[in-house]
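Okay, thanks for making time, everyone. Pull the structure up on your own screens if you can, and I'll talk you through the parts I found worth a look.

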Amino acid sequence: MRKRNLSALVLGATLASSGYAATEIQWWHAMGGALGEKLNSIVADYNASQDLYEVKASYKGNYTETMTAAIAAFRAKQQPHLVQVFEVGTASMMSAKGAIYPVHQLMKESGQAFNGDAFLSAVTGYYTDSDGNMLSMPFNSSTPVLYFNKELMAKAGVQAPATWNEMDSVGKKLQDAGISCGFTTAWQSWVHLENLSARHNVPFATKANGFGGFDTELAFNGPLQVAHINKMGEWQKNGIFSYSGRTNDGAAKFYSGECAMYTESSAGYAGIKRNAPFEFGVVELPYWKDQVTEPSNTIIGGASLWALQGKAADDYKGVASFLSYLSRADVQADWHQFSGYLPITKAAFDLTKGQGFYEKNVGTDVSVNQMLTGTPTENTKGLRLGNFVQIRGVIDEALESVWNGDADAQAALDNAVKRGNVLLRKFEKAN
């Protein structure tokens with residue numbers, strides 16, 4: 001009798017356990033460090049908020065590694081439900097028909113309430129089709145700004161430059177005060193060619209920067225871009241600028257006080273706040289005042305979340321539920337305030353303002369205001385270029401040849417455009 005009761009208890013416990021088993025949703029992402037820790041806490045909060053689904057977040061390396069891993073996994077039929085893809089992979093993901101599950105369609109078919117107009121247009125424009133339908137969810141969008149070390153600027157008796165014209169004199173005064181490096185940068189192509197072009201309303205590529213068709217050609221070897229890169233080359237020689245690497249390696253020079261200023265993503269805020277042993281400030285990305293009287297909006301970086309096909313139909317209800325959670329005003333406001341990424345919805349922006357966050361943390365609204373400057377044009381909406389990951393590599397090589405003194409700006413950018421156009425034609429032919 002006792003044995004039968006024990007068996008019944010075991011069976012009952014097993015049935016109860018299986019009855020409450022949550023559906024697992026796999027999310028591959030590229031968030032490490034402080035951002036990765038915050039992302040994990042968001043996932044934990046979502047999992048604790050309901051018991052139907054359990055999101056398993058997996059760090060897969062940097063953006064390129066994560067995208068490459070997802071493509072390989074899809075081919076092997078081992079893909080996750082969601083993958084975080086940086087903005088330069090957008091054109092490649094859009095062309096992967098049959099592999100992606102467009103977000104607007106997923107939300108509708110899963111019965112989740114979804115209003116695309118609730119999102120900031122400057123952000124979602126990057127991730128919508130020609131009919132304005134959102135194809136991916138812009139979880140973490142950023143834009144470049146200029147960070148500065150308040151102590152070093154005070155030592156030299158200077159203010160952070162609003163224009164690149166001012167950078168020259170500010171950099172020299174910093175050197176006169178014994179500071180060896182004026183500024184360094186992260187993501188040199190994104191900041192000093194892609195956003196430079198947008199800031200001055202100049203095309204980076206033809207066909208509305210690629211939004212108008214696959215037969216686009218690169219155009220970042222114009223007078224503005226050549227003049228800027230030429231000046232950067234001069235600054236590299238005299239120490240006003242110090243090249244640090246292709247991604248965000250320059251953070252170490254800024255944290256240590258070697259460089260007084262740092263052009264970096266607004267999302268660098270969390271890392272700087274954690275690691276910089278000094279007070280820092282944030283201003284908008286400088287512009288050339290002899291080129292424009294009023295700079296245009298910058299364009300976004302960061303990444304969006306793409307749903308991948310091939311999972312059980314019911315799984316996508318969990319994906320939709322999680323995307324709805326990520327879009328909630330309180331979740332987005334918390335992520336924005338912690339990370340420096342843009343609030344992707346109007347409600348999150350309003351909530352952050354209402355909480356007094358910008359008043360208490362001066363400079364944290366710089367990125368938002370910079371993005372909302374004026375009305376986006378075809379030169380400032382963003383970039384949609386195939387094989388752009390590889391093109392970025394070509395640009396990095398070209399810029400490094402200028403920093404090393406191996407080529408002048410015009411020759412380097414002409415060569416990068418020529419090589420990049422070959423990659424665009426390959427993408428066009430394949431799609």
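Let's start at Asn209, which sits in helix H10, residues 206-209. One thing to say up front: this is a predicted model. Now, the backbone at Asn209: phi is near 60°, so to speak a positive value in a residue that isn't glycine. Is Asn209 buried or exposed? At 1% relative accessibility, Asn209 counts as buried.

There's another asparagine to put beside that one. Asn387 has a phi near 55°, again a positive value in a residue other than glycine. You'll find Asn387 in the loop between H18 and H19. Its relative accessibility is 16%, and since the cut-off for buried is under 20%, Asn387 counts as buried. And then there's Asn201, which follows helix H9 and has a positive phi, near 55°.

Okay, on to the sheet. Four strands make an open sheet with mixed pairing, and the order is S7-S8-S6-S9. Which strands stand at the edges? Those are S7, residues 181-185, and S9, residues 280-284; each has a single partner strand, so one side of each has no neighbour in the sheet. From one strand to the next, the twist averages 25°.

Inside that sheet, look at S6 and S8. S6 is residues 144-149, S8 is residues 259-265, and they pair in the antiparallel sense over five bridges. If you want a place to click, Pro144 stands opposite Ser265 in S8.

Now the helices lying across these strands. H8, residues 164-176, lies across S7 and S8 and runs at about 145° to S8. H9, residues 188-199, lies across S6, S7, S8 and S9, and its direction is about 90° to S7. How many of the residues of H9 are buried? The count is 12 of 12, so to put it plainly, H9 is mostly covered. Among those buried residues are Trp190, His192, Glu194 and Arg199.

Next up, the disulfide. A quick reminder: a disulfide is a covalent bond between the sulfur atoms of two cysteines. The count here comes to one. The partners are Cys181 and Cys259, with their sulfur atoms 2.1 Å apart. Cys181 is in strand S7 and Cys259 is in strand S8, so the pair ties together parts that are 78 residues apart in sequence. What about the handedness of the disulfide? The torsion about the S-S bond is about 95°, so the disulfide is right-handed. As for accessibility, Cys181 is buried at 3% relative accessible area, and Cys259 is buried too, at 0%.

Right, empty space. Rolling a probe the size of a water molecule over the atoms shows where empty space is left. The largest pocket holds about 980 Å³. It's lined by 41 residues, and the closest to its centre are Asn62, Tyr63, Trp187, Thr247 and Asn248. Several elements give two or more residues to that lining, including helix H2 (33-49), helix H3 (63-75), H9, S8 and strand S10 (301-308). Which element gives the most? That's H13, with five residues.

As for closed-off space, there are three cavities of 30 Å³ or more. The largest cavity comes to about 110 Å³. Of its 13 lining residues, the closest to the centre are Ser266, Tyr269, Gly340, Thr364 and Ser367. S6 supplies at least two residues of that lining, and so do helix H15 (329-339) and helix H18 (366-371).

Two more residues before I stop. Glu87 is in the loop between strand S3 (82-86) and helix H4 (90-94). With 6% relative accessibility, Glu87 counts as buried. Setting aside neighbours within four places in sequence, what is Glu87 in contact with? The list is Tyr126, Tyr127, Trp190, Ile300, Gly301, Gly302, Ala303 and Arg392. Trp190, you'll remember, is one of the buried residues of H9.

The other one is Ser327, in helix H14, residues 315-327. Ser327 is buried, at 17% relative accessible area. Beyond its neighbours within four places in sequence, Ser327 is in contact with Phe119, Met137, Gln332 and Thr345.

That's my tour. Over to you.

Methods
Residues numbered from 1 in each chain as written. Predicted model: local features only at pLDDT ≥ 70, side-chain atom pairs only at ≥ 80, totals over all residues. Heavy atoms only, no water. Pairing = 2+ DSSP bridges. Axes fitted to C-alpha atoms, helices over the stretch in contact; angles between N-to-C directions. Contact = heavy atoms within 4.5 Å. Disulfide = S-S within 2.5 Å. Buried < 20%, exposed > 50% of the residue type's maximum accessible area, 1.4 Å probe, protein only. 1 Å grid on protein atoms, 1.4 Å probe; cavity = no way out; pocket = protein on both sides within 12 Å on 5 of 7 lines; lining within 4 Å. Points joined across faces, edges and corners; volume = space filled by probe spheres on them.
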